[in-house]
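Reader: I would like to go through the reasoning behind the labels attached to this model, setting each value against its cut-off. Could we begin once the structure is on display?

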Amino acid sequence: MLSRTADNLFWLARYTERAGNVARGLGVASRMAALTARLGAETEEWRSLVTASGGDASFYRKYEAPTADSVVHWLVFDPENPSGILSSIEAARRNARAVRTALTVDMWEALNDTWNHLRALPPEAMEGEKLADFLGWVRERVTLFNGAAHDTMLRDEAWRFVHLGTMLERADNTARLLDVKHNLLTAEAEGAVDYVQWQAVLRSVSALRSYQWIYRDRLNPRRIAELMILRPELPRSLMACLAEVAETLEAIALGQGGRRGECHRLAGTLQAQLRYGRIDAIMEEGLHAFLTTMIERVAALGGEIDAFYIRH
Amino acid sequence: MGAASSVSQARIAAFDEMRAEDGIRAAYAEIDRWLRATPREQLDAKRREAELLFRRIGITFAVYGEGGDPERLIPFDIIPRIIARSEWERMALGLSQRVRALNAFLADVYGKQEILRAGRIPTALVLQNEGYRAEMVGIVPPGGVYTHVAGIDMVRTGPDEFYVLEDNCRTPSGVSYMLENREAMLRLFPKLCAQHRVAPVGRYPEELLETLKAVAPPQAGAEPCVVLLTPGPYNSAYYEHCFLADEMGIEVVEGADLCVEDDVVHMRTTAGPRRVDVIYRRIDDEFLDPKAFRADSLVGVPGLMAAYRAGNVALANAPGAGIADDKAVYPYVPEMVRFYLGEEPLLANVPTYLCDRDEDRRYVLANLDKLVVKLAKGSGGYGMMIGPHATRDVLEEFRARILARPGDYIAQPTLALSTCPTVVEQGIAPRHVDLRPFILSGREIRIVPGGLTRVAIREGSLVVNSSQGGGTKDTWILEDEGPGEAAFQSQSQSAQSQSQSQSAGG
């Protein structure tokens, strides 16, 4: 496959997934802000969301403080934020348009309809009372796109680069979400606010129910960390996402007669580390340090994939 | 898209393709019944449905830098344009003949230059033309073909009067509309389509691919690697590039996807470099290769021309093919037919006055208010004057311009383009149309029965260019037309009268 096509497919999937993740994060944060407003803790919610979306520097250059208004504006509309919902959909569609021929009609229409609808939507329909509905709609559209890709794409290289993009972005997102809350998960104290926070962390990866199904017990920070980092059953855990990345890279290599590079080694190492990792050891080493390293290595993996398949 | 149908507006009675004086023409009988039986609201609903369809599939042409929506729809008219089988067959013979002559001309002017030595075309007009690429002298393209895909713009002024308005030998666009318009009609009006025996156009991409494979360099083997080279998503015809490549199952590449090493072209793939044999290029000559043409080209491939010269890759269409569609060379095409093929031209040219010639210029200046004046190098309907509609000031301005730079201008009589019924604000009304069929040249000439009909939506307007508010229609070539034998007879007869009138008219 053309390297540029692979690149477009990879980023098309990453940006689409990002739009869904931002919507998910924003939904949970506004819910949390409403719950913690009386305790005066809502600013903290908005602050950590901005940090998790990886845009700290540019946000504070433009806005004084993280408030409901500024963060929603930044994460939904602001064209200066390349990771905002509108920017991400725009970027996804731009990538899609460049590789129309590599997409199925269902994928293209899922994305193009989303883009057309967003373009015509007045800002009032994306904020205030309408925000929750809007975010729900974005998540639906991303799910539709992912479903269209999953259900209609030939299982060839095009599919594999799409899948790589989705999984790498998802791994990155889970690591970031968890990292901004690492304090909560390491503190021993257990107040009402903490409990709501733990729920929020799980909700942000749609895993509150999953927790109950797996542990059948009350929320416990160590288990939350274990679920989101190490459990292969949770589709948004680091383990699940990076296993998909490693398998997909392996499938691409097999399709090319065993051609492998640094990205394959790195993906395999990451997968093994998670597969044989233990949560106690991670907590001992320090959750924050572990997650920071993870975020860096996931980024490095993205760079190696690019170096091997795209910009050789 | 495309070039100007400069043949201008005129309130002169235009030929109505549906209505004759004594009733509806046979080919349009069903359409007429359908139009009379369908309430206006239903047509409007279908029109909206069509727009939605086009928007949804993403069939747009890009207009950047003018403000407003950069991805625009070309208005699609839901009433098909019908062409009778005999009319089409006659036209197709003429198109094939014309393209054979154009290819022979190109091979000649970049080879032995016999037509110049014979004095049948002024040497300076060819060799000093900006469409002439001296870089092509001495290169024999694989298969000897130069204009693999030609779009010949046809206009009609009467029952048997068809004229070639202009030739497009470089990178003519619009064929995706021919295909998508048909898809839209089949979806919107399955019953109406079924009532007619319409010649299918869907095999065009296949024919194009075979044409491209046929001109691959010999060393490419049985399965040559064919790619489509596009300037990228900001090009107005980008949708078409992707559409065609998808239909043919080939890669759409940009300049940066290709690299040349040891005079061999490769594309960058995820599995490493892969050799490319044939490039269907949709970028202009001057941007093809910064080493050979414009050094500032960012969309080209450095070293491409060297690979071409070495015979390692085929380019379709060949660089330099533009010399054959120059507006000042156009008047000589009938002469090319006679010179290379030894045949009389089957298709007529619109009489054309070259302002460079003293006698022609005198005539043009004396009749400015009756003529259409065009820039010899222009396209897209820009920089042209339609005499009968021009104000005194504009006429004077053009008079001064022609006197200052006569070589830049040509003039033609104002033709009354034929009309077809079209859905407009006030109801259904006749609007002027032209037709661009696409002619493929590989080992043989192939023409898919049909083409792109462009329609001037504004009342009285004769300018059909999409950049000037023109729309498109589906074009139906009927497989039959009532009594078959009669149709056959009239065909060969009119073919004859056509060529006679041509030779008499000059």
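Author: In this predicted model, strands β22(B) and β23(B) form a hairpin, with three residues between them.

Reader: What makes β22(B) and β23(B) a pair of strands?

Author: Two strands count as paired if at least two bridges are found between them, and three bridges join β22(B) to β23 (residues 445-447) of chain B, so the criterion is met, and the two run antiparallel. Within this pairing, Ser441(B) stands opposite Ile445(B). Strand β22(B) also has three bridges to β6 (residues 149-158) of chain B, again in the antiparallel sense, and there Ala150(B) has Ile439(B) as its bridge partner.

Reader: Which residues of β22(B) point one way and which the other?

Author: Phe438(B) and Leu440(B) point one way from β22 (residues 438-441) of chain B, while Ile439(B) and Ser441(B) point the other way, and all are buried. In a regular strand the side chains alternate between the two faces of the sheet.

Reader: Why is strand β5 of chain B called largely enclosed?

Author: A residue is buried if 20 or more other C-beta atoms lie within 10 Å of its own; eight of the eight residues of β5 (residues 76-83) of chain B are buried, so the strand is largely enclosed by the rest of the structure. Phe76(B), Ile78(B), Pro80(B) and Ile82(B) point one way, whereas Asp77(B), Ile79(B), Arg81(B) and Ile83(B) point the other, and all are buried. Strand β5(B) pairs in the parallel sense with β25 (residues 470-477) of chain B over five bridges, and in β25(B) the bridge partner of Phe76(B) is Thr472(B).

Reader: How do you know which are the edge strands of the sheet with the order β16-β19-β17-β18 in chain B?

Author: That open sheet has four strands with antiparallel pairing, and β16 (353-354) and β18 (385-386) of chain B are its edge strands, each pairing on one side only. Elsewhere in the sheet, β17 (residues 371-375) and β19 (residues 409-413) of chain B pair over five bridges in the antiparallel sense, with Tyr409(B) in β19(B) as the bridge partner of Leu375(B).

Reader: Why does Val260(B) count as buried?

Author: The cut-off is 20 or more other C-beta atoms within 10 Å, and Val260(B) has 22 C-beta neighbours inside that distance, so it counts as buried. Val260(B) has its place in strand β10 (residues 258-261) of chain B. Leaving aside neighbours within four places in sequence, its contacts include Val265(B), Val301(B), Pro302(B) and Leu304(B). Of these residues, Leu304(B) is 44 residues from Val260(B) in sequence, with a C-alpha to C-alpha distance of 6.5 Å.

Reader: What makes chain A as compact as a globular protein of its length?

Author: Chain A has 16 helices and zero strands. Its radius of gyration is 19 Å, close to the 20 Å that the globule rule gives for 312 residues, so chain A is as compact as a globular protein of that length. The C-alpha atoms of chain A fill a box of roughly 60 × 50 × 35 Å along the principal axes, and buried residues make up 49% of its 312 residues.

Reader: How do you know that the length of helix α5(A) agrees with the expected span, and why is the helix called largely enclosed?

Author: At 1.5 Å a residue, the 14 residues of α5 (residues 85-98) of chain A should span 20 Å, and the end C-alpha atoms are 20 Å apart, which agrees. As for enclosure, 12 of the 14 residues of α5(A) are buried, so the helix is largely enclosed by the rest of the structure. Among the buried residues are Ile85(A), Leu86(A), Arg93(A) and Asn95(A), and the buried residues of α5(A) pack against α1 (3-36), α4 (68-77), α6 (105-120) and α7 (131-152) of chain A.

Reader: What does the contact between the chains take from each side?

Author: The contact takes 16 residues from chain B and 15 residues from chain A. On the side of chain B, α9 (238-248), β9 (251-253) and β11 (264-269) are the elements that give two or more residues, and the residues of that side divide into seven nonpolar, three polar and six charged. The model scores ipTM 0.81 and pTM 0.79.

Methods. Residues are numbered from 1 along each chain as its sequence is written. Chains are lettered from A and ligands numbered from 1 in the order in which they are written. This is a predicted model: local features need pLDDT of at least 70, side-chain atom pairs count only at pLDDT 80 or more; totals for chains, interfaces and linings use all residues. Two residues are in contact if their C-beta atoms, placed from the backbone, lie within 7 Å. Ala, Val, Leu, Ile, Met, Phe, Trp, Tyr, Cys and Pro count as nonpolar, Asp, Glu, Lys and Arg as charged, and the others, Gly among them, as polar. The radius of gyration is taken over C-alpha atoms; the globule rule is 2.2 Å times the number of residues to the power 0.38. The expected span of a helix is 1.5 Å times one less than its number of residues.
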